[in-house]
Amino acid sequence: MRGRLRRLLARLRRVERRELREFRAWLEATHNLVHLSALVLVPLLLALVTKASNTFEGFSFLLFPPLAAGAYTLFANPRGKYSSPVRFVVGLTVGALCGWAAFVVGTYVYVVDPMDVHAGSAALAVFLTGAVTWAFDVEEPAAFSSALLVLVADVSGGSGLAFDGRFLYVASIFASSSLIAVAFVLWRRHLYSARSRYLYLSTRGDDHVLVPMRGDAPDATAVLGARLAAAHDAGKVVLLDLVTDADREAAEADDETRPATDGGRSSADAVDAASERTRRAAAQAATDLEQRAARIRTHVGVPCEVMVAEAGGSPARTVLDAAHEANCDLVATPYETARDGLAPFVRDLFRGDVDVLVHRTCDERTHWKRVLVPVRQTGDVAHEMADFAARLAGPTGRVAVCHCIDDEGDRRAAEGMLADIAETVDVPVETRVARASIEAFLAANAAGYDLVIIGASRDRSAASRFVSRPTFERVPHLDCDVTILDRNHRL
C-alpha cells in the first residue's frame, strides 16, 4: 500500500513538472504573457480602486467603465499607440473636464433635468473631448466614456460633501487613473521589458557548450560554440572526441609495424593489447584536442576543456551523456547527412534532453557579424535563435529577424510578432516581412549574411510535418553558414 502511494505521488509530480514546463513554454509567447497579465492585473487594480471608492466618500462607481477600458488597453498592448501612461491619465482627465464643461454650458441654454441628460450636452462633451485630446495629442478612447459619464455624476446629493459631484468625479478619475498608470509603468519596466531575464532560459543558459569534433570541418563549429559561450561570464566550451573502431584499427595497424618481441600471445595478452590500443587512441585524440583548445582559448578568450570517450553503440547517446557529465546545456555539432537527409547521429541528438545546434559551414569562417533569423512564430525557440544571433553578431554586428507571409493582410500581425522578438535582445535588430516562400526568400537574401539560424520545427504536429517538411529540409544550399537549433531542455 505504501509503495503504491509513493508511485502515485511520483506520477503526480511528473505530471506537475510536465504541466509546468508546458505552461512556461506557453508563457514565453509574448502575446500569451500580455493577455495573461491583462486578465489578472486589470481586475486586481479595479478591485483596489473599488476598495478605495468604498473607503473614501465621494468616489463614484461611474468612474470604473472608462478606467476598466483604458487599463485593459494599456496592458493588452504595452507598446501600442495608446500605451502611454501619461496619455492614459491626461486623456481620461481631459475627457471628464470636457464633459463637465459641456454640462456647465448646457445650464445656460436649457433647463437642467437631474433625471435626464440633454442630447446637446452629450454631443458637446464628445466634440470637446475629441477636439482637445486631438489638439494636445492625448487621444484616448476611454476619454469619451469619462466625458459622458460625468454628465450624470452628481454624487454630492445626499453625501454631505461641500464639493460639486462632477468636480469629485474629475478628481477621482485623475487619482484612480494615476494609480493604474503607476502600476502599469512598474509592470512594463520590471516584468514585460525584462521578460527575457525571467522567462527565456536562453538569455542565461546555453553558456556551457559541448562540441563533438566530427566531420570535415569541426574547428569552425568549435569556434561557433566558443563564441556563444563567450557571451556569458561563466561560459565554457568542451571539445569532445569519440574513440571509434577506426581509431583502434589505426592503432592496431601501428602495432603491426612494430617488430614482434615474442613468438605468440595468449588471450589475456590480446585483451591487454586491445585496451592498450584504445588507451593510445584516446591519448592521441586528447593531444589533438588540447592543441585545438589552446587555439580557441587564444582566439576567442573563453575557457576550453577537452573530453575523450568511447563512441559505444550509440555515439549520440555518448555525446548526450558527456554533455550531462560536463554540465553542458548546449551541444553544437557539425552538420552531417545520410542519403538525402540528416544523419542518424544528428536525429538521435534531436531526441535527447539537451539543446542542439547543428552547424553547416560554407567556407569554414570563424566570425559571424551578419546573422539572419527566420521565425515562424513567437516562442522559446524564436527567442533563443534571436539571442544566439545577438551573441554572435555582438554590438557591432547586424541581426535581422524575418517572417514570410502568403497574404498581404498578414503583414501587420507579422510586424508585431517580429517586434515582440526584437525587443527582447540587447542589440539593434532589423525586422523583415516578406511576401514570399521561405525557400525563395533565403535563396535571394542569404548571401548578404554570414549565418542563417533556423529552428528545427520540433513543436509542430506529425500531420503538419507530413504536409510541409521542416524548413531546414526545404532550404536549398545557401552561400552562407546555416545552423539548425533544436531546443530540448526544459526545466
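Welcome to the tour. Start with the whole chain in view: among its contacts between residues at least 6 apart in sequence, 77% join residues at least 24 apart. Keep in mind as you look around that this is a predicted model.

Now switch to a cartoon display. The chain's secondary structure consists of 18 helices and 12 strands. Try a surface display next: the accessible surface comes to about 24,900 Å², and carbon and sulfur atoms account for 56% of that. As for what is hidden from view, 46% of the chain's 491 residues are buried.

Next, select helix α7, which covers residues 165-192. Show the side chains of F184 and W187, which sit 3 residues apart in this helix, about one turn. Are these two buried or exposed? Both F184 and W187 are buried.

Look at how their rings meet. The chain has 5 aromatic pairs in total. In the pair formed by F184 and W187, the ring centres are 6.0 Å apart and the planes stand at 35°; that angle falls between the limits of 30 and 60 degrees, so the pair is tilted. Add F75 and Y192 to your selection, and you have a cluster of F75, F184, W187 and Y192 linked by ring pairs.

For the last stops, turn to charges and rings. Select R166 and F103: R166 lies over the face of F103, 3.5 Å from the centre of the ring. Then move to R214 and F345. Where does the charged end of R214 sit? You will find it over the ring of F345, at 3.7 Å from the ring's centre.

Technical notes
Residues numbered from 1 in each chain as written. Predicted model: local features only at pLDDT ≥ 70, side-chain atom pairs only at ≥ 80, totals over all residues. Heavy atoms only, no water. Helix = DSSP H or I, 4+ residues; strand = E, 2+ residues; numbered from the N terminus. Buried < 20%, exposed > 50% of the residue type's maximum accessible area, 1.4 Å probe, protein only. Contact = heavy atoms within 4.5 Å. Areas by Shrake-Rupley, 256 points an atom, 1.4 Å probe, with all protein chains shown as cover. Phe/Tyr/Trp six-rings, centres within 6.5 Å; stacked < 30°, edge-to-face > 60°. Lys NZ or Arg CZ within 6 Å of the ring centre and 35° of its normal.
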